[in-house]
Amino acid sequence: MKNIKSTVGIMAFAAFFFFHTFVSMAQTIEAQDPEHTSKNYAVLISQPNHVVAAVDTGETLSAESKFQRGEFVIMACGKSVEAFVMGSEFSEVIAKGAEAGIKYRICGMSLKQFKVAPESLMEGLEVVPNGLTYIFELKRIGYTTLEL
């Protein structure tokens, strides 16, 4: 009788242990499952008209879409910085993107190269010293990046 109680106790402990391990593994897998995790994206643009395609892409990759968008950053380098000057022909598109949660970063080196004063930029933009190293950093921390 003592052996039966001992065996039942061991089996109960083993069942609890395996059940707990299985639940923990399932939670870990769900947390790592791309279907349940938001992803961050960044697009590097170099021409002013690229902002239209980048904003459209950011809106398409919504949190509700299969892409599970978290953050979406548009990094403007080169001549594309001119699109972000107040009153540019792209002002409405940029504002629409901001309303959709798109974040804009402007390359400080490109502003200097194309003689665009930071004060002339639209509100809500962030100037970073070097747009290329900024994109490399986003890539390093896990963003999916693309260059137009």
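This report looks at one helix pair and at salt bridges in a predicted model.

## Two helices side by side

Start with helix H2, residues 50-60, and helix H3, residues 91-99. Their axes come within 10 Å. They cross at roughly 20°. Angles under 35 degrees count as roughly parallel, so H2 is roughly parallel to H3. The crossing of the two helices is left-handed.

Which residues of H2 and H3 meet? From H2 come Val51, Val52, Val55 and Glu59. From H3 come Val93, Ile94, Lys96 and Gly97. Sorted by class, the contact of H2 with H3 has five nonpolar residues, one polar residue and two charged residues.

## Salt bridges

How many salt bridges does a search of the whole structure find? The search finds five. The table lists some of them, with the N to O distance for each pair.

| Basic residue | Acidic residue | N to O distance |
|---|---|---|
| Lys79 | Glu82 | 3.0 Å |
| Arg105 | Glu126 | 3.3 Å |
| Arg140 | Glu137 | 2.7 Å |

Take Lys79 and Glu82, whose closest N and O atoms are 3.0 Å apart. Lys79 has a relative accessibility of 34%, so Lys79 counts as partly exposed. Glu82 is at 29%, so Glu82 counts as partly exposed too.

Next come Glu126 and Arg105, whose side chains meet in a salt bridge. This pair links distant parts of the chain. Glu126 belongs to strand S4, residues 126-128. Arg105 belongs to strand S3, residues 102-107. The two residues are 21 residues apart.

Is Arg105 buried or exposed? Arg105 has a relative accessible area of 12%. Buried means under 20%, so Arg105 is buried. Its partner Glu126, with a relative accessible area of 38%, is partly exposed.

The Arg140 and Glu137 pair sits within one helix. Both residues lie in helix H5, residues 131-140. They are three residues apart, about one turn of the helix. Their side chains meet in a salt bridge at 2.7 Å, N to O. Arg140 has 61% relative accessibility. Exposed means over 50%, so Arg140 counts as exposed. Glu137, at 35%, counts as partly exposed.

## Recap

H2 and H3 run roughly parallel, with a left-handed crossing. The Glu126 and Arg105 salt bridge links distant parts of the chain, whereas Arg140 and Glu137 both lie in H5.

Terms used
Residues numbered from 1 in each chain as written. Predicted model: local features only at pLDDT ≥ 70, side-chain atom pairs only at ≥ 80, totals over all residues. Heavy atoms only, no water. Axes fitted to C-alpha atoms, helices over the stretch in contact; angles between N-to-C directions. Helix = DSSP H or I, 4+ residues; strand = E, 2+ residues; numbered from the N terminus. Parallel < 35°, antiparallel > 145°, perpendicular 65-115°, else oblique. Left-handed = near helix turned anticlockwise from the far one by under 90°. Contact = heavy atoms within 4.5 Å. Nonpolar A, V, L, I, M, F, W, Y, C, P; charged D, E, K, R; others polar. Salt bridge = Lys/Arg side-chain N within 4 Å of Asp/Glu carboxyl O. Buried < 20%, exposed > 50% of the residue type's maximum accessible area, 1.4 Å probe, protein only.
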